[in-house]
Amino acid sequence: MSTEISAHTDVLLIGGGAIGLLGAIRLAEAGLRVTVLDQGHIGQEASWAGGGILSPLYPWRYPPALLSLALYSMQRYFSLTSRLAEHTGIDPEWIPSGLLILEGEHEKIPNDVLAWGATWGLDWHLRPVEKMQTLWCPEVAQVRNPRLLAAMSARCRQLGVVLHENTAVNHFRRRGGRLEGVETTAGFMPVERIIVTAGAWSEKILAETGSHLDIIPVRGQILLFQGKPGVLDTILMRDNHYLVPRRDGLILAGSTSEFVGFDKSTTNKAREELLDFTIKTLPDLAQAQVLRQWSGLRPGSQDSIPYIGPIPEWEGLFVAAGHFRYGLTNAPATADILVSLLTGAPPPLDIAPYAVLTPRSAH
């Protein structure tokens, strides 16, 4: 007979990344008793591994459903990080550094890009730099994602959210179509409402429900350079790679997109690719020391549109996953949608495009 754990919770979130932690904060602030469970360590997967850019890259590529989430969230990040810093004393380093997109060999800037941006309220500007066309996107900010996750974890604890690490899910238990709880490696947890926010692992966790989510792991690798403050003061983007300057002079160079399953190893090929991009884009870093190389697994999904909503035929079971590159960017909108789903509050935007349907093309 299995051991029972954490009986006193209203909502369980499975996955402790940016989506799970901010969802937990919002739900706890709404008066619910919340638990977060993670198969590894809280805040150590894709949300930690990314570059912290708070915007879709090449936004004109994406459908309205993704852009609506992103713009809603981007407009709320300053207040979110300010409140987290005030409550926890941990500064997530939100910086409105802007994004300069350089026209590359493979990625051209569309002729109608300014008109397209204007339809979304984006005040973009084209700037020729050394005979190269560039696009200046001043609305783009960044956040130091490890510090953001640390602040979110601290805020969860302040609000009484229970955080369980190194605890994996084995099986959902239900009766008559209604959720009763979940079997974990630490025992059975009785809870009638569960949200799966486990990123690239979400489809595996939900496999028994038959929902067939189209979420796959996509590995991304990043290099960290020891730069100097002032060497770069904005985010640079060219041919799907980027440079992100931190306040203390560190510079991140990313990222690859590799379909290698759940393999989180780093490779010399990616290192050389990112080194070549970095030196060509910012020659000042040619002699800079590479401090670290790491990888993360993004939850890839069709058109980068996440699944946010109930799992059909499983009353009480929800999912918020499949954000691909933009889980960090879209965490505020996703968290607010989750609160609306669980409390009956009006949703912040039209949530129909994120519903779990089979096939997804039914959207």
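Helices (H or I, at least four residues) and strands (E, at least two) are DSSP runs, numbered from the N terminus. The model is predicted: local features need pLDDT of at least 70, side-chain atom pairs count only at pLDDT 80 or more, and totals for chains, interfaces and linings use all residues. Residues are numbered from 1 along each chain as its sequence is written, and side-chain values use heavy atoms, without hydrogens and water.

**Exercise 1. Place Asn166 and describe its backbone.**

Step 1. Find the segment. Asn166 lies in the loop between E8 and strand E9 (169-175).

Step 2. Check phi. Asn166 is not a glycine, yet its phi is positive, about 50°. Most residues other than glycine have a negative phi.

Step 3. Check exposure. Buried means under 20% relative accessible area, exposed over 50%, and partly exposed in between (1.4 Å probe, protein chains only). Asn166 has 49%, so it counts as partly exposed.

Step 4. Repeat for Asn240. Asn240 sits in the loop between E14 and E15. Its phi is near 70°, again positive in a residue other than glycine. Its relative accessible area is 27%, so Asn240 is partly exposed.

**Exercise 2. Lay out the sheet of six strands that contains E8.**

Step 1. Apply the pairing rule. Two strands pair if DSSP finds at least two bridges between them.

Step 2. Write the order. The strands run E8-E2-E1-E12-E19-E18, in an open sheet with mixed pairing.

Step 3. Mark the edges. Strand E8 (162-164) and strand E18 (307-310) each pair on one side only.

Step 4. Get the twist. Axes are lines fitted to C-alpha atoms, for helices over the stretch in contact, and angles run from 0 to 180 degrees between N-to-C directions. In this sheet, neighbouring strands are turned by 15° against each other on average, direction ignored.

Step 5. Inspect one pair. Strand E1 (residues 11-14) runs parallel to strand E2 (residues 34-37), with four bridges between them. Leu13 stands opposite Val36 in E2.

Step 6. Look at the edge. His164 belongs to strand E8. Its relative accessible area is 22%, which makes it partly exposed. His164 and Leu37 are 127 residues apart in sequence, but 4.7 Å apart in space, C-alpha to C-alpha.

**Exercise 3. Find which face of H4 is buried.**

Step 1. Check the length. Helix H4 (residues 77-88) has 12 residues and spans 16 Å from first C-alpha to last, close to the expected 16 Å. The expected span is 1.5 Å times one less than the number of residues.

Step 2. List the buried residues. They are Tyr77, Leu80, Thr81, Leu84 and Thr88.

Step 3. Look down the axis. The buried residues of H4 fall within an arc of 90°, so they line one face of the helix. The arc is that of the directions from the helix axis to the C-beta atoms.

Step 4. Name the cover. Contact means heavy atoms within 4.5 Å. Among the elements covering the buried residues of H4 are helix H1 (18-29), helix H3 (64-74) and helix H9 (331-343).

Step 5. Go past the end. Gly89, just after H4, takes a positive phi of about 80°.

**Exercise 4. Show how H8 sits on the sheet of eight strands.**

Step 1. Write the order. The open sheet reads E5-E6-E4-E14-E15-E16-E13-E17, with mixed pairing.

Step 2. Mark the edges. Strand E5 (125-129) and E17 have a single partner strand each, so one side of each has no neighbour in the sheet. The twist averages 25° from one strand to the next.

Step 3. Dock the helix. H8 touches E4, E13, E14, E15, E16 and E17, and its direction makes about 50° with that of E13.

Step 4. Sort the residues. In H8, Ala270, Leu274, Leu275, Phe277, Thr278 and Thr281 are buried. Their arc is only 165°, which puts them on the same side of H8. Asn268, Lys269 and Lys280 are exposed on the other side.

Step 5. Zoom in on Thr281. With a relative accessible area of 15%, Thr281 is buried. Its side chain reaches the backbone oxygen of Phe277 at 2.7 Å. Beyond neighbours within four places in sequence, Thr281 contacts Leu102, Leu236 and Leu243.

Step 6. Follow Leu102. Leu102 stands opposite Arg238 in E14.

**Exercise 5. Locate the cis peptide bond at Ser255.**

Step 1. Name the pair. The cis bond joins Gly254 and Ser255, with omega about -10°. Most peptide bonds are trans.

Step 2. Place it. Ser255 is in the loop between E16 and H8.

Terms used:
Polar contact = N/O pair within 3.5 Å; in protein donor to acceptor, adjacent residues only side chain to side chain.
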